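Open the model in your viewer and keep the selection box at hand. This tour goes stop by stop, from the whole chain to single helix pairs.

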Amino acid sequence: MAAASFFGHALLGLGPGIAFFAVIIAPKSFVVLLSLFSAFLWLVVMLLTSAILRGFVPIASAQPAYAGTLIAAVSIEELARYGVWHLHKRTVAVLHRMSQSSGHTFTPVDELYLAVGWGYGQAAVHVLIMFASLLPLTAGHGTLYTTACPQVRCLSLSTSCV
């Protein structure tokens with residue numbers, strides 16, 4: 001049952017992204033490379049953010065401390081997003097100039113594919129970090145209970161609890 005749960009959750013969570021990649025991104029090799037570069041870039045941003053915040057661990061269990069780390073992490077990611085947008089605009093401008101000098105056309109649809117490639121790379125890294133890291137928990141031995149509420153555990157067992 002654990003294997004069925006694991007693969008069921010994996011297909012539900014990762015299936016649409018894989019299908020989107022196969023249908024939209026995979027036919028265009030440049031967009032595949034751009035998606036891989038974007039995924040690598042966002043992985044580096046997340047690792048950099050976690051490395052910076054690692055210096056402040058353990059975080060005091062108070063609301064201002066959690067709010068400060070959340071604001072710092074979001075600020076770092078938003079700065080990276082601005083940098084990626086600026087890089088995207090420069091890439092499109094360079095590709096426009098290259099297409100004009102070579103006699104080929106660079107259409108708005110091509111620009112859209114590039115934007116989709118950047119976004120897909122970011123989405124893939126977020127899915128892997130936020131969803132796939134929790135996926136192995138579905139293959140465990142069942143629900144985890146704390147000692148603070150032993151009544152729930154007793155109800156789940158087939159034996160009586162006194």
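**Stop 1: the whole protein**

Color by secondary structure. The model is predicted, and the protein has five helices and zero strands. Read from the N terminus, the order of elements is α-α-α-α-α.

Now show the surface. The protein exposes about 11600 Å², and 73% of that comes from carbon and sulfur atoms. Of its 162 residues, 20% count as buried.

Next, turn to contacts. Among those in the protein with a separation of 6 or more, 72% join residues 24 or more positions apart.

**Stop 2: confidence**

Recolor by pLDDT. The protein averages 82, and 83% of the residues score at least 70.

Where is confidence highest, and where is it lowest? Select residues 29-54 for the highest: this is helix H2, at a mean of 92. Select residues 150-156 for the lowest: this is helix H5, at a mean of 53.

Then select residues 155-162. Here pLDDT stays under 50. The model has three contacts beyond four places in sequence for this stretch.

**Stop 3: H3 against H4**

Select residues 63-102 for helix H3 and residues 108-132 for helix H4. Their axes lie 10 Å apart, and the two helices pack at an angle of about 150 degrees. Angles over 145 degrees count as roughly antiparallel, so H3 and H4 are roughly antiparallel to each other. Their crossing is right-handed.

Show side chains on both helices. On the H3 side, pick Glu 77, Arg 81, Val 84, Leu 87, His 88, Val 92, Leu 95 and His 96. They meet Glu 111, Leu 114, Ala 115, Trp 118, Gln 122 and His 126 in H4.

**Stop 4: H2 against H4**

Keep H4 and bring back H2. The axes of these two helices come within 7 Å and cross at roughly 45 degrees. H2 is therefore oblique to H4. This crossing, too, is right-handed.

Which residues make the contact? From H2, select Phe 30, Val 31, Leu 34, Ser 35, Phe 37, Ser 38, Ala 39, Leu 41, Trp 42, Leu 43 and Met 46. From H4, add Tyr 113, Leu 114, Gly 117, Trp 118, Tyr 120, Gly 121, Gln 122, Val 125, His 126, Ile 129 and Met 130.

**Last stop: residues of H4 on both lists**

Finish on Leu 114, Trp 118, Gln 122 and His 126 of H4. These residues take part in the contact with H3 and also in the contact with H2.

How values were computed: Residues are numbered from 1 along each chain as its sequence is written. This is a predicted model: local features need pLDDT of at least 70, side-chain atom pairs count only at pLDDT 80 or more; totals for chains, interfaces and linings use all residues. Side-chain values use heavy atoms; hydrogens and water are left out. Helices (H or I, at least four residues) and strands (E, at least two) are DSSP runs, numbered from the N terminus. Buried means under 20% relative accessible area, exposed over 50%, partly exposed in between (1.4 Å probe, protein chains only). Contact means heavy atoms within 4.5 Å. Accessible areas come from the Shrake-Rupley method with a 1.4 Å probe; for residues, only the protein chains shown count as cover. pLDDT is the predictor's confidence in each residue, from 0 to 100. Axes are lines fitted to C-alpha atoms, for helices over the stretch in contact, and angles run from 0 to 180 degrees between N-to-C directions. Angles under 35 degrees count as roughly parallel, over 145 as roughly antiparallel, 65 to 115 as roughly perpendicular and the rest as oblique. A crossing is left-handed if the near helix is turned anticlockwise from the far one by less than a right angle, and right-handed if clockwise.
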